[in-house]
Amino acid sequence: MKAKFFLISALGLSTLFGCIEGDNYVRFNDYVTMEAGLLPDTMILNEPYNLQIRASAPNGCWYNVKVYLNVKSDSAYFFSAAATYENHGEPCTQQLVTHDTTITITPKVAKTHLMYFYNPTGDPQIRIDTIYIKAE
């Protein structure tokens, strides 16, 4: 009898807590648009270069906008930006949510570097820039 009561209570509580957020609640993480500042055609070996990046989400339901750098090799850099979308059924404010960041890159090998920028709404979605590295 106690087990049956516990099971019914647990089922009732889980149903209650499942409804607290409401049927219109949505929360997920996804990629967002980003723009990189102008890149040089050439960089000097072992000299740092500051890359300016702005990531943006389309409305006020987005937050926690971040830029990510994934270094795949000594000469391949993959950039992306992501944010969290959360909505409880209300209209989203019409504002651009942005995050500006500076990423410092210091080339360690004297060979061509590839910069990959992922933009989910871009055409093409992956922009590839080439930077030549010279030793001085």
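## A walk through a strand-rich chain

Of the chain's 136 residues, 29% count as buried. Keep in mind as you look around that this is a predicted model. The chain holds one helix and nine strands, and reading along the sequence gives the pattern α-β-β-β-β-β-β-β-β-β. Contacts reach far along the chain: among those between residues at least 6 apart in sequence, 67% join residues at least 24 apart.

Let us start with one of the sheets. Three strands form an open sheet in the order S2-S4-S7, with antiparallel pairing. S2 and S7 stand at the edges, and each has a single partner strand, so one side of each is left without a neighbour in the sheet. On average, neighbouring strands here are turned by 25° against each other, direction ignored. Within this sheet, S4 and S7 run antiparallel and are joined by nine bridges. If you would like a residue pair to look for, take Arg-54, whose bridge partner in S7 is Asp-100.

From the sheet we can turn to the interior. The largest nonpolar core has 25 residues, and those that touch the most other members are Ile-53, Phe-79, Ile-105 and Phe-117. At least two residues of this core come from each of the strands S2 (33-36), S4 (49-57), S5 (62-73), S6 (76-87), S7 (97-105), S8 (113-118) and S9 (126-134). The largest share, five residues, is supplied by S6. Ile-105 is a good place to see how the core is put together. Leaving aside neighbours within four places in sequence, Ile-105 is in contact with Met-43, Glu-47, Pro-48, Tyr-49, Leu-51, Tyr-77, Phe-79 and Met-115.

The aromatic side chains deserve a stop of their own, with six aromatic pairs in the count. In one of them, the ring centres of Phe-78 and Tyr-116 are 4.3 Å apart and the planes meet at 5°; an angle under 30 degrees counts as stacked, so this pair is stacked. Phe-78 belongs to strand S6 and Tyr-116 to strand S8, so to speak a link between distant parts of the chain, 38 residues apart. The two partners differ in their surroundings: Phe-78 is partly exposed, with a relative accessible area of 31%, whereas Tyr-116 is buried at 19%. Phe-79 and Phe-117 also form a stacked pair, because their ring centres are 4.7 Å apart and their planes lie at 10°. This pair, too, links distant parts of the chain, with Phe-79 in strand S6 and Phe-117 in strand S8, 38 residues apart. Both Phe-79 and Phe-117 are buried. Elsewhere, ring pairs link Phe-28, Trp-62 and Tyr-85 into a cluster.

Charged side chains join the aromatic picture as well. Lys-72 lies over the face of Phe-78, at 5.9 Å from the ring centre. Over the ring of Phe-117 sits the charged end of Arg-127, 4.5 Å from the centre.

Next, follow the chain into the loop between S8 and S9, which is where Asn-119 has its place. Is Asn-119 buried or exposed? Its relative accessible area is 14%, and because the limit for buried is under 20%, Asn-119 counts as buried. Not counting residues up to four places away in sequence, Asn-119 touches Val-32, Thr-33, Met-34 and Gln-125. Pro-124 is found in the loop between S8 and S9 too, and a cis peptide bond joins Asp-123 and Pro-124, with omega about 10°.

Beyond that loop comes strand S9, home to Ile-133. Ile-133 counts as buried, at 11% relative accessibility. Leaving out residues up to four places away in sequence, Ile-133 touches Met-43, Ile-44, Leu-45, Pro-107, Val-109, Ala-110, Lys-111 and His-113. The C-alpha atoms of Ile-133 and Ser-75 are separated by 9.7 Å, although these residues are 58 apart along the chain.

Two backbone details round off the tour. Asn-46, in the loop between strand S3 (42-44) and S4, has a phi near 65°, a positive value in a residue other than glycine. Asn-46 is partly exposed, with a relative accessible area of 47%. Asn-64 has a positive phi as well, near 60°, but its place is in strand S5. Asn-64 counts as partly exposed, at 43% relative accessibility.

Notes. Residues numbered from 1 in each chain as written. Predicted model: local features only at pLDDT ≥ 70, side-chain atom pairs only at ≥ 80, totals over all residues. Heavy atoms only, no water. Core = buried A, V, L, I, M, F, W, Y, C linked by side-chain atoms within 4.5 Å. Buried < 20%, exposed > 50% of the residue type's maximum accessible area, 1.4 Å probe, protein only. Helix = DSSP H or I, 4+ residues; strand = E, 2+ residues; numbered from the N terminus. Contact = heavy atoms within 4.5 Å. Phe/Tyr/Trp six-rings, centres within 6.5 Å; stacked < 30°, edge-to-face > 60°. Lys NZ or Arg CZ within 6 Å of the ring centre and 35° of its normal. Pairing = 2+ DSSP bridges. Axes fitted to C-alpha atoms, helices over the stretch in contact; angles between N-to-C directions.
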